[in-house]
Structure formats: structure tokens, C-alpha cells
Amino acid sequence: MNKWLLGVFLGLGFAGHGQTDAVAERYLRTCAVCHESGIANAPRTGSPEEWVAPLAKGMDALLQSIKQGLNAMPPKGMCYDCSAAEYQALIEYMAAAR
């Protein structure tokens, strides 16, 4: 596992509970519909092994994929009011082991 990915996982452990709760709530309203079950090959939440390849592209590339849409994921991935920082928090939330 590369150092960046390890840093993401460790960083999540130190995030404030309020921030984590807000991200979890936003995740449930937007991303969970596909990322919970892996619909259309979406990497599943809490399955870090499925996030290795997407994360290897780098955060900038992932944010661009969200903005434009990727495969079956529509542009902005169902979170039309998310900022780049909120998208990044959602990615980190989904990529972390549960």
C-alpha cells in the first residue's frame, strides 16, 4: 500500500467525530446508492482493496472524474453542491476500512 493511501487511512482515525458524522450523512444521501453495493463496478465503501487502483490515479484525477462523471457515475456523482474538499472527504471516507 503506498504511503499516501496509508496516510489517508491514518488521517481518518484522527478526524473529529463531528466532521466524520457530517461526511457519513452526506455519503448516505449521495454516494451510498452505488458505493455500498458496488453497482456498475463502483468501488465499494469500506473495501480498501477496491480503492487501491482509483487512489493510485491521485486525488486530482479522482476529483476530475467526479466533476465530469465516470462510467455510470453521473457528473458530480449525485452531490451537486459538494466542494472539492467535501468530495475528497467522501473519497477518503469510502476508501477507509470499516
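**Salt bridges, core and pocket of a six-helix model**

Arg-44 is partly exposed, with a relative accessible area of 34%. The side chain of Arg-44 meets that of Glu-50 in a salt bridge. The N to O distance in this pair is 2.3 Å. Glu-50 also counts as partly exposed, at 24% relative accessibility. These values, like the others below, come from a predicted model.

The protein has 98 residues, and 39% of them are buried. Its secondary structure comprises six helices and zero strands. From the N terminus on, the order of elements is therefore written α-α-α-α-α-α, with helices and strands taken as DSSP runs. Contacts between residues at least 6 apart in sequence were also examined. Of these, 59% join residues at least 24 apart.

Four salt bridges were found in a search of the whole structure. Arg-26 takes part in a salt bridge with Asp-81, at 3.2 Å from N to O. This pair links distant parts of the chain, 55 residues apart. Arg-26 belongs to helix H2, whereas Asp-81 sits in the loop between H5 and H6. The two partners fall into opposite burial classes. Arg-26 has a relative accessible area of 15%, and it is buried because the limit for that class is under 20%. Asp-81 reaches 58%, so it is exposed, the limit there being over 50%.

Arg-26 forms a salt bridge with Glu-86 as well. Here the closest N and O atoms are 3.4 Å apart. Arg-26 lies in helix H2 and Glu-86 in helix H6, so this salt bridge ties together parts that are 60 residues apart in sequence. Glu-86 is partly exposed, with a relative accessible area of 29%. Arg-26, Asp-81 and Glu-86 are thus linked in a network of salt bridges.

Attention turns next to the nonpolar interior. The largest nonpolar core contains 20 residues. Tyr-27 and Ile-91 have the most contacts inside this core. Four helices each supply at least two of its residues: H2 (17–30), H4 (48–56), H5 (59–68) and H6 (84–95). The largest share comes from H6, with seven residues.

Tyr-27 was examined further, leaving aside its neighbours within four places in sequence. Its remaining contacts include Ala-32, His-35, Glu-36 and Thr-45. Leu-90, Tyr-93 and Met-94 are also in contact with Tyr-27.

Open space was analysed separately. Rolling a probe the size of a water molecule over the atoms shows where empty space is left. The largest pocket has a volume of about 540 Å³. It is lined by 29 residues. Closest to its centre are His-35, Ala-42, Pro-43, Leu-70 and Met-73. His-35 is also among the contacts of Tyr-27.

Helix H3 (32–35), H4, H5 and H6 each contribute at least two residues to the lining of the largest pocket. H6 provides the largest share of this lining, four residues. By residue class, the lining divides into 21 nonpolar, six polar and two charged residues.

H6 thus recurs across these results. It gives the largest share of the core, and it gives the largest share of the pocket lining. Glu-86, a partner of Arg-26, lies in it too.

Technical notes. Residues numbered from 1 in each chain as written. Predicted model: local features only at pLDDT ≥ 70, side-chain atom pairs only at ≥ 80, totals over all residues. Heavy atoms only, no water. Core = buried A, V, L, I, M, F, W, Y, C linked by side-chain atoms within 4.5 Å. Buried < 20%, exposed > 50% of the residue type's maximum accessible area, 1.4 Å probe, protein only. Contact = heavy atoms within 4.5 Å. 1 Å grid on protein atoms, 1.4 Å probe; cavity = no way out; pocket = protein on both sides within 12 Å on 5 of 7 lines; lining within 4 Å. Points joined across faces, edges and corners; volume = space filled by probe spheres on them. Nonpolar A, V, L, I, M, F, W, Y, C, P; charged D, E, K, R; others polar.
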